[in-house]
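Let's take a friendly walk through a protein chain together. Have the sequence and the 3D view at hand as you read.

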Amino acid sequence: MKEKQKENKKKTFIDAFIIILLVCCALSLLYAIAIHTFFHISRGEGLSNEPTIRNNAFIFSTKTYFGIDKGEFVLAEPLALNKESILKRVVATEGDHVVIQDGRMYINDKDVTEGEDVYYGQPVELIVPDNEYFLMGDNISNSYDSRNFGCITEDEIIDNLESVKVFL
């Protein structure tokens, strides 16, 4: 009789352990899905977004699924860069008239230049096509962006990063 009770206790313990293990695995999976769905963690590489994002800084951001607005950061893989990931700020959206000349940047005839000149290379003038975006880095004089490779399509945007927190 005692042996049967011992065996039942052992079986109950093993059953409880398996249930706890399965619950932990399920919760871990749900946690991983939630993190991947609503947050993005990456590392800033290069100088194109300084001083906002320093080289090698860790970036923690929330994703948004409600459209892409001017001023937001996006993580993109432009076809012109052979799918190399870039983190840039959206400065113009579809239908916007972008002019960069004489060190100034105009969007829809409004001077949006803040501080330093944005001009280098050839002047730029374009109207952003439908479902496309014009991206620039915050470090205007040291950024490889839409001034070089042109506008990108919505399909080339991996994540729309609404709120960006930077950790050194």
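A surface patch here is a group of residues with over 30% relative accessible area and no salt bridge, in which like charges are joined within 9 Å. Asp and Glu count as negative. Keep in mind that you are looking at a predicted model.

**A charged patch**

With that definition in hand, find Glu94, Asp130, Glu154 and Asp155: these residues form a negative surface patch. Glu94 sits in the loop that links β4 (86-93) and β5 (97-101). Its relative accessibility is 38%, so Glu94 counts as partly exposed.

**The overall layout**

Now zoom out. The chain contains two helices and 11 strands. Followed along the sequence, the elements come in the pattern α-β-β-β-β-β-β-β-β-β-α-β-β. The chain has 168 residues, and 35% of them count as buried.

**An oily stretch on the helix**

A nonpolar surface patch of about 620 Å² is built from Phe13, Ile14, Phe17, Ile18, Leu21 and Leu22. One of these residues, Phe13, belongs to helix α1 (residues 2-38). Is Phe13 buried or exposed? Phe13 counts as exposed because its relative accessibility is 60%, and the cut-off for exposed is over 50%.

**A four-stranded sheet**

Next, look for an open sheet of four strands, which run in the order β7-β6-β5-β8 with antiparallel pairing. At its edges are β7 (110-111) and β8 (124-127), each of which pairs on one side only. Strand β6 (residues 104-107) is joined to β7 by two bridges, in the antiparallel sense. Within this pairing, Ile107 has Lys110 of β7 as its bridge partner.

**A strand under cover**

Which residues of β9 point one way, and which the other? Glu132, Phe134 and Met136 point one way, Tyr133 and Leu135 point the other way, and all are buried. This fits a general rule: in a regular strand the side chains alternate between the two faces of the sheet. Strand β9 (residues 132-136) is largely enclosed by the rest of the structure, because five of its five residues are buried.

Strand β9 also has partners. It pairs with β4 in the antiparallel sense over four bridges, and here Thr93 stands opposite Tyr133. Strand β10 (residues 152-153) pairs with β9 as well, again antiparallel, over two bridges. In that pairing, Glu132 has Thr153 of β10 as its bridge partner.

**Salt bridges**

How many salt bridges are there? The count comes to three, and the table lists them with the distance from N to O.

| Acidic residue | Basic residue | N to O distance |
|---|---|---|
| Asp96 | Lys70 | 2.9 Å |
| Asp111 | Arg104 | 3.1 Å |
| Asp145 | Arg147 | 2.9 Å |

Take the pair of Asp96 and Lys70. Asp96 is in the loop between β4 and β5, and Lys70 is in the loop between β2 (58-63) and β3 (73-76), so this salt bridge ties together parts that are 26 residues apart in sequence. Asp96 counts as buried because its relative accessibility is 7%, while Lys70, at 44%, counts as partly exposed.

In the pair of Asp111 and Arg104, Asp111 is partly exposed with a relative accessible area of 34%. Arg104 is partly exposed too, with a value of 26%. As for the remaining pair, Asp145 is buried, and so is Arg147.

Terms used. Residues numbered from 1 in each chain as written. Predicted model: local features only at pLDDT ≥ 70, side-chain atom pairs only at ≥ 80, totals over all residues. Heavy atoms only, no water. Patch = residues over 30% accessible without salt bridge, like charges linked within 9 Å, V, L, I, M, F, W, Y side chains within 5 Å. Areas by Shrake-Rupley, 256 points an atom, 1.4 Å probe, with all protein chains shown as cover. Salt bridge = Lys/Arg side-chain N within 4 Å of Asp/Glu carboxyl O. Charge placed at Lys NZ, Arg CZ, Asp CG, Glu CD. Buried < 20%, exposed > 50% of the residue type's maximum accessible area, 1.4 Å probe, protein only. Pairing = 2+ DSSP bridges.
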